[in-house]
Amino acid sequence: MKFKINQEVRELKTGKRSVIIATKKERGTETHDHTDNREIFPENFKDYLIAEKISERELGEKSSVDEHELFEL
């Protein structure tokens, strides 16, 4: 895999800055509070799960993408 979790990338289709939050080989975790740690992963056999970066502390909409749809910042 070319990208790692927490790496900033740009999505080719939208041109938006995003952050890798899970890969098909490495599951991510989504924490809503201290008792809930759900595993997250890309859907539909895609390579990565990304989240749009709104600010340094805030992530927006999530989407599953293939490696060729991203480029490194």
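Here is a short chat about side-chain contacts in this predicted model.

Biologist: New to this one. How many aromatic pairs are there?

Modeller: The count comes to 1 aromatic pair. The rings are those of Phe 3 and Tyr 48, with their centres 5.5 Å apart. Their planes sit at 65°, so the pair is edge-to-face.

Biologist: Where do Phe 3 and Tyr 48 lie along the chain?

Modeller: Phe 3 is in the segment before β1 (8-11), while Tyr 48 is in strand β5 (residues 48-53). That is why this pair ties together parts that are 45 residues apart in sequence.

Biologist: And are Phe 3 and Tyr 48 buried or exposed?

Modeller: Phe 3 is buried, and Tyr 48 is buried too.

Biologist: OK, rings and charges now. Which residue lies over the face of Phe 41?

Modeller: That's Arg 27, at 4.6 Å from the ring centre of Phe 41.

Biologist: Changing topic: how many salt bridges does a search of the whole structure find?

Modeller: The search turns up 7 salt bridges. Four residues are linked in a network of them: Glu 8, Arg 17, Lys 53 and Glu 56.

Biologist: Walk me through that network. What does Arg 17 meet in a salt bridge?

Modeller: Its partner is Glu 8, at 2.4 Å from N to O. Arg 17 is partly exposed, with a relative accessible area of 40%. Glu 8 also counts as partly exposed, at 24% relative accessibility.

Biologist: What about Lys 53 and Glu 8, how far is it from N to O there?

Modeller: For that salt bridge it's 2.5 Å. Lys 53 lies in strand β5 and Glu 8 in strand β1, so the two tie together parts that are 45 residues apart in sequence.

Biologist: Is Lys 53 buried or exposed?

Modeller: Buried, with a relative accessible area of 18%. The cut-off for buried is under 20%, so Lys 53 falls on the buried side.

Biologist: Then how does Glu 56 come in, what does it meet?

Modeller: Glu 56 meets the side chain of Lys 53 in a salt bridge, at 3.3 Å from N to O. Glu 56 itself is exposed, with a relative accessible area of 70%.

Biologist: So which residues should I pick out to see the whole network?

Modeller: Pick out Glu 8, Arg 17, Lys 53 and Glu 56. Glu 8 has salt bridges to Arg 17 and to Lys 53, and Lys 53 has one to Glu 56 as well.

Conventions. Residues are numbered from 1 along each chain as its sequence is written. This is a predicted model: local features need pLDDT of at least 70, side-chain atom pairs count only at pLDDT 80 or more; totals for chains, interfaces and linings use all residues. Side-chain values use heavy atoms; hydrogens and water are left out. Rings of Phe, Tyr and Trp (its six-membered ring) pair if their centres lie within 6.5 Å; planes under 30 degrees apart count as stacked, over 60 as edge-to-face and the rest as tilted. Helices (H or I, at least four residues) and strands (E, at least two) are DSSP runs, numbered from the N terminus. Buried means under 20% relative accessible area, exposed over 50%, partly exposed in between (1.4 Å probe, protein chains only). A charge sits over a ring if NZ of Lys or CZ of Arg is within 6 Å of the ring centre and within 35 degrees of the ring normal.
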